[in-house]
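Visitor: Could you take me slowly through one helix-to-helix contact in this structure, and then show me what lies around it?

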Amino acid sequence: MNDMNKTIVFIAAALASSAALADEIRNYRAEAVAMMKRDFKTRGGAAADRVHEDGLQAVCNRTSDNPPKALAERLEKDQLEGIKYPADGKLLGDWKEGEKIAQSGRGMTWTDPAGVPGGGNCYNCHQIGPQETSFGTLGPSLYQYGKLRGNSPEIQKYTYGKIWNAKAFNLCSAMPRFGHAGALTEQQVRHLVALLLDPASPVNSK
Amino acid sequence: MKPRLITLMAAALISAPLAVHAQQPAKKAAPPAKAAAPGKSAITEEFEKFREVLEEDNPAELFEAKGEDIWKNRKGPDGGSMAQCDLGLGAGVVKGAYVRMPRYFADVGGVMDAERRVVHCMVKYLGYQEADILRQPFSNDRVTPDHVSVITYVAGQSRNLKIAAPKKHPKEIAAYEIGREIFAYRAGPYDFSCATCHGDDGKRIRTQDLPNLRKPDQAIRAYQGWPGYRMTGGFMLTQQWRMNDCFRQQRFPEPTYLSDSVTALLAYMTVTANGQVYKGPGIKR
């Protein structure tokens, strides 16, 4: 066998084995998805089709939350373009209302009553106001958030956008897309922006 | 029967929830909120201490006793009994079976977790109706279904044994691998997977410490204490209930009781915890 033929045989073998390997990996994932679609049922407001991944979830799931940079940037841009800012341009609500929303862990489970506004679940994962010592650590501390960043229109816009759709800034972020998913209303997001940015908010107290 | 168990049963007859709450040292169990600090939370530490005291007289024993009675004495309409039930170590063998499931069972041609196998046997040999069990799979403050008591008995028969779920049969390997995929699968309105909360070391939700269930020494924490006696309400909850409640908080739809998906997830989590010692039915907040 000449060198050329050897090379062709080698390439063919490599392709065959990598195809077999890919098959096996794809199988378990596909089996898992098919199984969940079979086993999970609608209850309350939690519809069965929630186990169908959307495009962004599929990319994050298939890349273990590490998508190629170019792809991530393109998809982040798509998410960014989908953020709906208030028509009146007012992004700062009432920080006291924001604190209540940040405290509430309700919303979108099959035991939550339909039609009742959900909570932000914020303290589940973040340190925020200095009075609340029962806070989670899955996300970064937001204490002094506004003090560190100021309260400029740009920061307001970024903060509103981050709460509305965290994936616009970090494609596979662990944080839910609260506005995008319909988990929080425009008014609720405004109140949370105030909690983080209003100089009178305890978040920014010395 | 141990005297303290009789006392407990008498107390439980009067009021199961109150009997336990009455023993609760209120000052100890309710530390000031300010005490909570980063790291292992003060509330968690206090609860661990409280649990150690309570486990001396764990009300789970009541349910173990009831389950033992059903296992040993109950007869099905055709004269069947749980002595015919093979939990993987031979017909009627209970000792050590709980920590060796999920496993492949040739008679059904698939993998079953402990809870699923127990229910399978109760339907097959004792004449329980699967539809009834699916209608009320979990306990509440009014009802503890019989299968929950039997599962608690079976679990108690693996107390202080090492977890040793097999991963040899191709279907056991497949269940483990599918379970691993389910663990990492992000979906739903919050984009959460199991790994969102249980994929890193040293994280908390509020003051609740979260185990990283991908690591063997932490995976035990999803297994330990189940089935568990829940102090708020005073009833037994199983590991399947715990998986169900995780999916609820993940904002997923509800997994059907005893479904392949939950078995696969349990296969992944249990195999990961292999080698750790199971302490038997426990107590939960």
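Guide: In this predicted model, the axes of helix α8 (residues 170-184) of chain B and helix α12 (residues 260-272) of chain B come within 7 Å and cross at roughly 95 degrees, where an axis is a line fitted to C-alpha atoms, for helices over the stretch in contact, and angles run from 0 to 180 degrees between N-to-C directions. That angle makes α8(B) roughly perpendicular to α12(B), since under 35 degrees counts as roughly parallel, over 145 as roughly antiparallel, 65 to 115 as roughly perpendicular and the rest as oblique. On the side of α8(B), the contact is made by E172(B), A175(B), Y176(B), I178(B), G179(B), R180(B), I182(B) and F183(B), and they meet S261(B), T263(B), A264(B), L265(B), A267(B), Y268(B), M269(B) and V271(B) of α12(B); two residues are in contact if their C-beta atoms, placed from the backbone, lie within 7 Å. Sorted by class, the contact of α8(B) with α12(B) has eleven nonpolar, three polar and two charged residues, with Ala, Val, Leu, Ile, Met, Phe, Trp, Tyr, Cys and Pro counted as nonpolar, Asp, Glu, Lys and Arg as charged, and the others, Gly among them, as polar.

A few conventions help in reading the names. Residues are numbered from 1 along each chain as its sequence is written, and chains are lettered from A and ligands numbered from 1 in the order in which they are written. Because the model is predicted, local features need pLDDT of at least 70 and side-chain atom pairs count only at pLDDT 80 or more, while totals for chains, interfaces and linings use all residues. Helices (H or I, at least four residues) and strands (E, at least two) are DSSP runs, numbered from the N terminus.

One residue of this contact deserves a longer look, namely I182(B), which has its place in helix α8 of chain B. I182(B) counts as buried because 26 C-beta neighbours lie inside 10 Å; the cut-offs are 20 or more other C-beta atoms within 10 Å for buried, 12 or fewer for exposed, and partly exposed in between, with C-beta atoms placed from the backbone. Leaving aside residues up to four places away in sequence, I182(B) touches S261(B), A264(B) and L265(B), and also A32(A) and M36(A) of the other chain. By comparison, F47(B) is 135 residues from I182(B) in sequence and 31 Å away in space, C-alpha to C-alpha.

The neighbours in chain A lead to the contact between the chains, which takes 39 residues from chain A and 35 residues from chain B. At least two residues of the side of chain A that touches chain B come from each of α1 (3-39), β1 (40-41), α2 (55-62) and α5 (122-125) of chain A, and α1(A) gives the most, with seven residues. That side of chain A divides into 20 nonpolar, eleven polar and eight charged residues. The chains also share a strand pairing, in which two bridges join β1(A) to strand β8 (residues 254-255) of chain B and the strands run antiparallel, two strands being paired if DSSP finds at least two bridges between them. Within that pairing, F40(A) stands opposite P255(B).

Elsewhere in chain B there is an open sheet of three strands, in the order β7-β6-β10, with mixed pairing. Strands β7 (235-237) and β10 of chain B stand at the edges with a single partner strand each, so one side of each is left without a neighbour in the sheet. From one strand to the next the twist averages 35 degrees. Strand β6 (residues 225-230) of chain B runs parallel to β10(B), joined by four bridges, with R230(B) opposite K284(B), whereas β6(B) and β7(B) pair in the antiparallel sense over three bridges, and there Y229(B) has M236(B) as its bridge partner. Helix α4 (residues 60-73) of chain B packs on the sheet and touches β6, β7 and β10 of chain B, its direction making about 140 degrees with that of β10(B).

In a regular strand the side chains alternate between the two faces of the sheet. Strand β10 (residues 281-284) of chain B shows such alternation, for P281(B) and I283(B) point to one face and are buried, while G282(B) and K284(B) point to the other and are not.

Finally, for the chain as a whole, chain B has twelve helices and ten strands, and buried residues make up 45% of its 285 residues.
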